[in-house]
2 protein chains.
Amino acid sequence: MALEHAILVSLLEKPGSGYELARRFERSIGYFWTATHQQIYRVLKRMESDGWVDVREVPQQARPDKKEYSVAALGRTALSGWLHEPIEPESVRHDLAVKIRGAAFDDPAALIREVERHHRTHTDRLAHYLAGERRDFTGPEAPAAPDAGQQLQHVVLRGGIAYERMTIAWLEDVLATLHRLRGEG
Amino acid sequence: MALEHAILVSLLEKPGSGYELARRFERSIGYFWTATHQQIYRVLKRMESDGWVDVREVPQQARPDKKEYSVAALGRTALSGWLHEPIEPESVRHDLAVKIRGAAFDDPAALIREVERHHRTHTDRLAHYLAGERRDFTGPEAPAAPDAGQQLQHVVLRGGIAYERMTIAWLEDVLATLHRLRGEG
DNA sequence: CTTGTCTATGCAACTCGTTGCATAGCAGGA
DNA sequence: TCCTGCTATGCAACGAGTTGCATAGACAAG
């Protein structure tokens, strides 16, 4: 499992609490790795007892205290070890594709609204990624000479952008097919 | 969960045994939904006791007997109900992206071989999909007037092809970035 | 004649991930 | 004042998915 490793990377980029990690997993990290707060708290606890992360109690005013986690030496070693291991190309779980093939045994036209909804979601995500890219990498406030970390973050973001563009184009292909079938049927 | 639904779709396309389903999940269906044989046997058993599928013992010579499953009326109803429910756009799990961002805290150049390996895997998959497309949809043996089911299978396959092409181009972008960083570092 | 491979099914144990619920302080609006 | 919402952490139960192992007949290669 790689949730531990995703957490290590996120904490190396910036230490933070379980709650803050959960919010990051709704945003930047969540573009390629999702996790709920319960999962994060549980895994953080295990990582702490394994000595991968250090904890620091941070008192706060106007809000509850928090535990700030940062990566310990053992955690860096564990991450390094994982980085040098080969991994399998990801396995896919695409509900919509199952639905599209299933539509052959039901009413294909009924899927049109659903596909349109997904199209809107992916269009929104693309706009969100592009805004982030302008803000952090290509806009006037972006660093003139990005360091290695920034270049690597940018190439991952470009992957997200390419994925959304591809998905949007494919959903349009799906819509055209569904409309054509409605005309025929 | 949608494994039940993926099984229903596959059985509607063609009835078969758990073993045959497992093989399909390594091929066509597996392009967008993976499952091991243990998972499939367990879910089939539940679907059978829920009356979603019918079983028929098929004696065979030169090999063990098998249980051939086909979709029952209740299964069709369940599938139809699921098709009319909205689903959330998929959540992503992309180990390689985690590794790429993690490489900022290790040696980026060490990732080059790994990325090249993924590039080869996706190139192979693309070739495999394109061969399937020629065989079933665009080649000389393909049906001149494909029915709804074939058109829907084709649009799903086109999605797989677009995904592989996008991924291959992105991996080349990643490789270029890693080589650039090695030159700088 | 033994070893390996393919079809075919399944159990048991485990880890991973989700859902529902609980607590608790503080802030802002009706 | 009460209700809603945000930060912040966590338990308990369940469901999904993986890994290892077991069985068993038939065939092919060495």
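What turn and what shift lay chain A on chain B?

**View 1. The two chains and their axis.** In this predicted model, a turn of 180 degrees plus a shift of 0.0 Å along the axis puts chain A on chain B with an RMSD of 0.1 Å (least-squares superposition on C-alpha atoms of residues with pLDDT of at least 70 in both copies). That's the relation of a two-fold axis. Within chain A, Met166(A) has the C-alpha nearest the axis, 3.4 Å away.

**View 2. Helix α6 of chain B.** This helix (a DSSP run of H or I, at least four residues; strands are E runs of at least two) covers residues 112-138 and reaches 36 Å from first C-alpha to last. Its buried residues (under 20% relative accessible area, 1.4 Å probe, protein chains only) include His118(B), His119(B) and His122(B). They pack against α5 (95-102) and α7 (148-184) of chain B (contact: heavy atoms within 4.5 Å).

**View 3. Protein around DNA strand C.** Gln39(A), Arg42(A), Gln60(B), Lys67(B) and Arg93(B) come nearest among the 22 residues around the strand (a heavy atom within 4 Å). Sugar and phosphate make up 61% of the strand atoms that come within 4 Å of the protein.

**View 4. Polar contacts to strand C.** Gln38(A) puts a polar side-chain atom 3.2 Å from a base oxygen of DNA strand C (polar contact: N or O atoms within 3.5 Å). Phosphate oxygens of the strand lie 2.9 Å from a side-chain N or O of Tyr41(B) and 3.4 Å from a polar side-chain atom of Lys45(B).

Residues are numbered from 1 along each chain, with chains lettered from A and ligands numbered from 1 as written. Local features need pLDDT of at least 70, side-chain atom pairs 80 or more, while totals for chains, interfaces and linings use all residues; side-chain values use heavy atoms, without hydrogens or water.

Definitions and conventions:
Expected span 1.5 Å × (residues − 1). Buried < 20%, exposed > 50% of the residue type's maximum accessible area, 1.4 Å probe, protein only. Polar contact = N/O pair within 3.5 Å; in protein donor to acceptor, adjacent residues only side chain to side chain.
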